[in-house]
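Student: I have a model open and would like to talk through a few of its helices and strands. Could you help me?

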Amino acid sequence: PTASKAQATDVLTVGTNAEFPPFEYIGNDGQPDGFDMAVIKAIGKEEGFEVKISNMEFKSLVASLSTGSLDAVIAGMTVTEDRQKSVDFSDSYYTATQCIIVKKDSDVTKLADLNGKKIGVQEGTTGDLLCTPGEDNEVITDSKTDVQRFKKGTDAVVALNNGGVDAVVIDQNPAENFVSKNPDTLKLMQDDTSTEQYAIAVQKGDTETLNKINDGLKKIKENGTFDKLVAQYIGG
Ligand code: GLN
């Protein structure tokens with residue numbers, strides 16, 4: 001049993017949702033690629049573990065971690081109080097904001113303008129939370145606001161182009177990516193009232209994995225690997 005346990009700890013099963021460029025997407029070889037994939041592999045190289053990527057829906061990631069089918073999650077995932085109830089987060093590795101994608105002729109300039117409109121979001125994300133009317137939402141207060149939840153950001157963007165939704169709310173880097181693929185029809189509005197921190201999640205109480213990840217993250221920041229990957233995948 002000791003031998004098999006040692007073997008098992010050498011491979012970390014890491015969940016992601018490869019629909020969030022440039023952090024994760026399906027590469028030309030059909031495998032998940034992107035900044036996050038490169039970061040977790042670089043951490044593994046420092047800490048002596050191999051990474052096995054498990055690609056699934058974004059909204060299933062936290063639950064899969066809690067039930068133990070994943071050892072970690074890297075998915076452009078924002079640290080939120082709600083998620084902290086079920087998982088533990090590493091040190092933050094990226095600061096992000098939410099953006100609004102609209103058609104070129106739209107007069108929407110800020111989140112509050114989306115009250116009462118049809119908003120496309122990626123299900124279970126912070127963008128979803130930001131747009132869904134509720135007790136804690138001081139910006140989107142109109143209960144008639146129709147939040148349409150998609151499995152993929154790209155599907156929300158298709159709906160926007162088809163007129164199915166009036167706007168898409170999603171993190172800035174994927175938003176830029178999606179708009180750059182539709183330069184004639186779409187534009188980006190920034191309403192960065194709040195910033196978010198991306199971090200790697202592990203099972204609650206798994207300090208062993210957490211410490212390795214934090215240690216590896218620190219090392220790749222110190223040795224320049226992290227900045228190289230930022231330049232390679234995200235740019236300046
Ligand atoms: N940062 C957002 C969140 O954590 C979106 C992440 C994603 O869609 N991959 O909810």
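Student: Which residues of helix α6 (residues 153–162) are buried?

Tutor: Happy to help! This is a predicted model, where local features need pLDDT of at least 70, side-chain atom pairs count only at pLDDT 80 or more, and totals for chains, interfaces and linings use all residues. Residues are numbered from 1 along each chain as its sequence is written. Buried means 20 or more other C-beta atoms, placed from the backbone, within 10 Å of a residue's own, and in α6 that gives Gly-153, Ala-156, Val-157 and Leu-160.

Student: Why are they on the same side of α6?

Tutor: An α-helix has 3.6 residues a turn, so residues three or four places apart point the same way. The buried residues are on the same side of α6 because they cover an arc, taken from the directions from the helix axis to the C-beta atoms, of only 100°.

Student: At what angle do helix α2 (residues 35–47) and helix α8 (residues 207–222) pack?

Tutor: Axes are lines fitted to C-alpha atoms over the stretch in contact, and angles run from 0 to 180 degrees between N-to-C directions. The two axes lie 8 Å apart, at an angle of about 100°. That makes α2 and α8 roughly perpendicular (65 to 115 degrees).

Student: Which residue stands opposite Val-168 in strand β10?

Tutor: Strand β10 (residues 167–171) has five of its five residues buried. Strands pair if DSSP finds at least two bridges between them, and four join β10 to the antiparallel strand β7 (residues 87–103). Opposite Val-168 stands Ile-101.

Key: A residue is buried if 20 or more other C-beta atoms lie within 10 Å of its own, exposed if 12 or fewer, and partly exposed in between; C-beta atoms are placed from the backbone. Helices (H or I, at least four residues) and strands (E, at least two) are DSSP runs, numbered from the N terminus. Angles under 35 degrees count as roughly parallel, over 145 as roughly antiparallel, 65 to 115 as roughly perpendicular and the rest as oblique.
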